[in-house]
Amino acid sequence: MTILVPCLKQQTRCIIIRDDGRRFEATNLCDVAGLSVCPRVLAKCSTGEGYELCGSTHAEANAAKLAAQSADISGQAFLLGHTWMCKECQDALRVVNVHTFHIGIDPDID
């Protein structure tokens with residue numbers, strides 16, 4: 001059984017807020033249970049590389065899975081803890097009817 005834990009390198013959080021107010025929130029997770037240092041750090045991987053070493057699932061993709069059942073309602077995504085969003089995550093969000101992305105903006109802070 002795989003146990004996913006929060007990323008050891010850089011934790012991110014994605015919040016999807018539907019136009020009807022429903023929220024779906026997820027973090028990035030890795031398959032590194034029992035480790036105290038990220039294998040990508042040990043391998044000196046650049047940002048965006050080496051995900052096969054940890055089995056990472058991005059926060060955006062995880063949030064999209066949570067929001068899939070409500071894809072008939074459009075929404076916005078807020079990404080915290082990172083400065084960019086990869087194309088695969090943008091595509092995953094678009095599939096669940098999220099077309100506006102806010103990076104580094106916390107929806108809970110006015």
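These legends walk through several close-up views of a predicted model.

**View 1. The nonpolar core and the elements that build it.**
Start in the middle of things: the largest nonpolar core holds 16 residues, and those touching the most other members are Cys14, Ile16, Ala63, Ala77, Met85, Leu93 and Val98. At least two core residues come from each of β2 (13-18), β3 (23-27), α2 (59-67), β5 (75-80) and α3 (87-95). Helix α2 gives the largest share, four residues.

**View 2. The buried residues of helix α2.**
Stay with α2 for a moment and look at the residues that are buried there: Ala59, Glu60, Asn62, Ala63, Ala64 and Ala67. These buried residues pack against the strands β2, β3, β4 (29-30) and β5, and also against helix α3.

**View 3. Val98 and Gln76, two residues in contact.**
Which residues does Val98 touch, once its neighbours within four places in sequence are left aside? Its contacts are Ile16, Arg18, Gly75, Gln76, Ala77 and Leu93. Now turn to Gln76, which lies in strand β5. With neighbours within four places again left aside, Gln76 is in contact with Ile15, Ile16, Ile17, Val98, Thr100 and His102. Gln76 has a relative accessible area of 29%, so it counts as partly exposed. If you want a distance to check on screen, try Gln76 to Arg94: the two C-alpha atoms are 9.9 Å apart, with these positions 18 residues apart in sequence numbering.

**View 4. Salt bridges along helix α3.**
The structure has six salt bridges, and this view shows a pair of them that share Asp91. Side chains of opposite charge can pair when their charged atoms come close. Asp91 bridges to Lys87, with 2.7 Å between the closest N and O atoms. Asp91 also meets the side chain of Arg94 in a salt bridge, at 3.4 Å from N to O. Why do the positions in the helix suit such partners? An α-helix has 3.6 residues a turn, so residues three or four places apart point the same way. Lys87 and Asp91 are four residues apart in α3, about one helical turn, and Arg94 and Asp91 are three residues apart, again about one helical turn. As for accessibility, Lys87 is exposed at 55%, while Asp91 is partly exposed at 30% and Arg94 is partly exposed at 37%.

**View 5. A salt bridge between distant parts of the chain.**
Here the side chains of Arg13 and Asp106 meet in a salt bridge, 3.7 Å from N to O. The partners are 93 residues apart: Arg13 sits in strand β2, and Asp106 in the segment after β6 (98-103). Arg13 is partly exposed, with 26% relative accessible area. Glu25 joins in too, as Arg13, Glu25 and Asp106 are linked in a network of salt bridges.

**View 6. Cysteines without disulfides.**
How many disulfides does the structure hold? It holds zero. For Cys7, the closest cysteine sulfur is that of Cys30 at 4.0 Å, which is too far for a bond because a disulfide needs the sulfur atoms within 2.5 Å. The sulfur of Cys38 is 5.2 Å from its closest counterpart, in Cys54, and is likewise too far. Cys7 is buried at 6% relative accessibility, and Cys38 is buried at 3%.

**View 7. A nonpolar patch on the surface.**
Finish on the outside, where Val37, Val41 and Leu42 form a nonpolar patch with about 260 Å² of accessible area together. Val41 lies in helix α1 (residues 39-42) and is partly exposed, at 41% relative accessibility.

How values were computed. Residues are numbered from 1 along each chain as its sequence is written. This is a predicted model: local features need pLDDT of at least 70, side-chain atom pairs count only at pLDDT 80 or more; totals for chains, interfaces and linings use all residues. Side-chain values use heavy atoms; hydrogens and water are left out. Buried means under 20% relative accessible area, exposed over 50%, partly exposed in between (1.4 Å probe, protein chains only). A nonpolar core is a set of buried Ala, Val, Leu, Ile, Met, Phe, Trp, Tyr and Cys residues joined through side-chain atoms within 4.5 Å. Contact means heavy atoms within 4.5 Å. Patches are made of residues with over 30% relative accessible area and no salt bridge: like charges are joined within 9 Å, nonpolar side chains (Val, Leu, Ile, Met, Phe, Trp, Tyr) within 5 Å. Accessible areas come from the Shrake-Rupley method with a 1.4 Å probe; for residues, only the protein chains shown count as cover. A salt bridge is a side-chain nitrogen of Lys or Arg within 4 Å of a carboxyl oxygen of Asp or Glu.
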